[in-house]
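Here is a brisk report on one protein chain. It goes from the cores to the helices, then to the sheet and the loops.

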Amino acid sequence: MAHTEQLDALIAPLRADSVSGAAVMGRLAAEIVRRAAVRAHAGSPEEFRWAMGEVVVKVMEAQPAMAPLVSLARDVLDAVAVAQTVEEGRHRAAQAAQAFREGLETGAQVVASRGAAILPAHGTVATVSSSSTVRAALLHGAASRDVRVVCLESRPFNEGQLLAEGLAKAGVSVVYAVDAAAASLVPDCDMVLLGADSIGDAGVVNKIGSAALAEPAHRLGIPVHVISDETKILPPGFPQHTRDDRPGEEVWRARVGVRVWNRYFEAIPLEWVTSVVTEAETLTGPELAAYRAQIVVPEALGVWMQGHGPGSPKDSTTL
């Protein structure tokens, strides 16, 4: 897609989404890439590969904390690498994007079912934000279990309310609380269940407030399970972005002289996580490390990765 303005307009809804989880954003990103592949201007397969490289990079940078966008980029770049003509490249890119979207939907259903299977038969489960995968697991498990769910508000947009309302509508017993109450509530819980936006060197990146649940749970011996499809697992060395400062006005329109700190994501050390449940298996820390080591990164993504890792200008935001 030669015109930056057209590409930016196509990506704008993804960049503007401040509430959806990684799975939902991954599906939106796949549709954006599919449409971009059809519209991209190129006179040769090489030009088309360059154009699609520009597309997937802009998609990743629109939501840099969301690992499924990296997996989408990897699939699309692998698909177009062998194209002999522009039209073949369009077909391969669009087909890869569509297959990725369908895989996300299928994977989410399987992960939700596997996540439901680890819920306690009777007890209280705590979570934060509004992960579509966590919601599906809780709804699936509630049909056969006596489970109460503690939902934290998830500031600044309180998407925890969406989860609480959805669960309550389905007949699940719900306690809704402010984020700051996490440490007080965890001792009365039997499990912490979290989604993930990425899983990599820094640990599990999820909505801010996740660490406030995971740390006391780990300290008290309460299991912390993360349910995530495999698209959220990153290879070693791949950047995980949490320093994405957002407008302070989302939290408070403060007077002059007060700077409001507002970030959406944080990393949870893998040492705090009991297991990561994917669509294929349940992984402990060492097993997760072995899985990540086998992920192959296309050359174009490797180049991008070198300029966006820890210590790079893209990762230099501070207080």
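## Cores

In this predicted model, the largest nonpolar core has 46 residues. Those with the most contacts inside it are Leu 14, Val 33, Phe 48, Met 52, Val 59, Leu 72 and Val 76. Six helices each supply at least two residues of this core: H1 (4-16), H2 (22-39), H3 (45-62), H4 (67-80), H5 (86-117) and H11 (299-306). H4 gives the most, with nine residues.

Leu 72 shows how the packing works at the level of one side chain. Leaving aside residues up to four places away in sequence, Leu 72 touches Ala 29, Ala 30, Val 33, Ala 97 and Phe 100.

A second core is separate and has 27 residues. Val 128, Val 192, Ala 214 and Val 224 are among them. In soluble globular proteins, nonpolar side chains tend to be buried together.

## Confidence

The average pLDDT of the chain is 90. At least 70 is reached by 95% of the residues. Residues 310-319 are a weak stretch, with pLDDT below 50. Beyond near neighbours in sequence, that stretch has 19 contacts in the model.

## Helices H1 and H9

Does the length of H1 agree or disagree with the expected span? H1 has 13 residues, so at 1.5 Å a residue the helix should span 18 Å. The end C-alpha atoms of H1 are 17 Å apart, which agrees.

H1 is bent all the same. The bend is about 40° at Leu 10. A proline, Pro 13, follows within four residues.

The buried residues of H1 are Leu 7, Leu 10, Ile 11 and Leu 14. An α-helix has 3.6 residues a turn, so residues three or four places apart point the same way. H2, H3 and H4 are included in what covers the buried residues of H1.

Helix H9 covers residues 210-220. Its buried residues are Ser 210, Ala 211, Leu 213, Ala 214, Pro 216 and Ala 217. Of these, Ala 214 also belongs to the second core. Gly 221 follows H9, and its phi is positive, near 80°.

## The sheet

Seven strands form an open sheet, with mixed pairing. The order is E3-E2-E1-E4-E7-E9-E10. Strands E3 (173-177) and E10 (282-283) are the edges, and each pairs on one side only.

Three pairings are listed here, each with a pair of residues that stand opposite one another.

| Strands | Sense | Bridges | Opposite residues |
|---|---|---|---|
| E1 (122-128) and E4 (191-194) | parallel | two | Val 125 and Met 191 |
| E4 and E7 (224-227) | parallel | three | Leu 194 and Val 226 |
| E7 and E9 (275-277) | parallel | three | His 225 and Ser 275 |

Which way do the side chains of E7 point? Val 224 and Val 226 point one way, and His 225 and Ile 227 the other way. All of these are buried. Val 224 is also one of the residues in the second core.

Thr 124 has its place in strand E1. Is Thr 124 buried or exposed? Its relative accessibility is 8%, and buried means under 20%, so Thr 124 counts as buried. Not counting residues up to four places away in sequence, Thr 124 touches Arg 148, Val 150, Asp 188, Cys 189, Asp 190 and Met 191. Asp 190 is 66 residues from Thr 124 along the chain, yet their C-alpha atoms are separated by 5.3 Å.

## The loop between E2 and H7

Strand E2 (146-152) and helix H7 (160-169) are joined by a loop that holds Pro 156. Ser 154 is found in that loop too, and so is Asn 158.

Most residues other than glycine have a negative phi, and most peptide bonds are trans. This loop has exceptions of both kinds. The peptide bond from Arg 155 to Pro 156 is cis, with omega near 10°. Ser 154 has a positive phi, near 70°. Asn 158 has a positive phi as well, near 55°.

Where does Ser 154 stand in terms of burial, buried or exposed? Ser 154 has a relative accessible area of 0%, so this residue is buried.

Note on methods: Residues numbered from 1 in each chain as written. Heavy atoms only, no water. Core = buried A, V, L, I, M, F, W, Y, C linked by side-chain atoms within 4.5 Å. Buried < 20%, exposed > 50% of the residue type's maximum accessible area, 1.4 Å probe, protein only. Contact = heavy atoms within 4.5 Å. pLDDT = per-residue confidence, 0-100. Expected span 1.5 Å × (residues − 1). Bend = angle between axes of the 7 residues up to and from the residue. Pairing = 2+ DSSP bridges.
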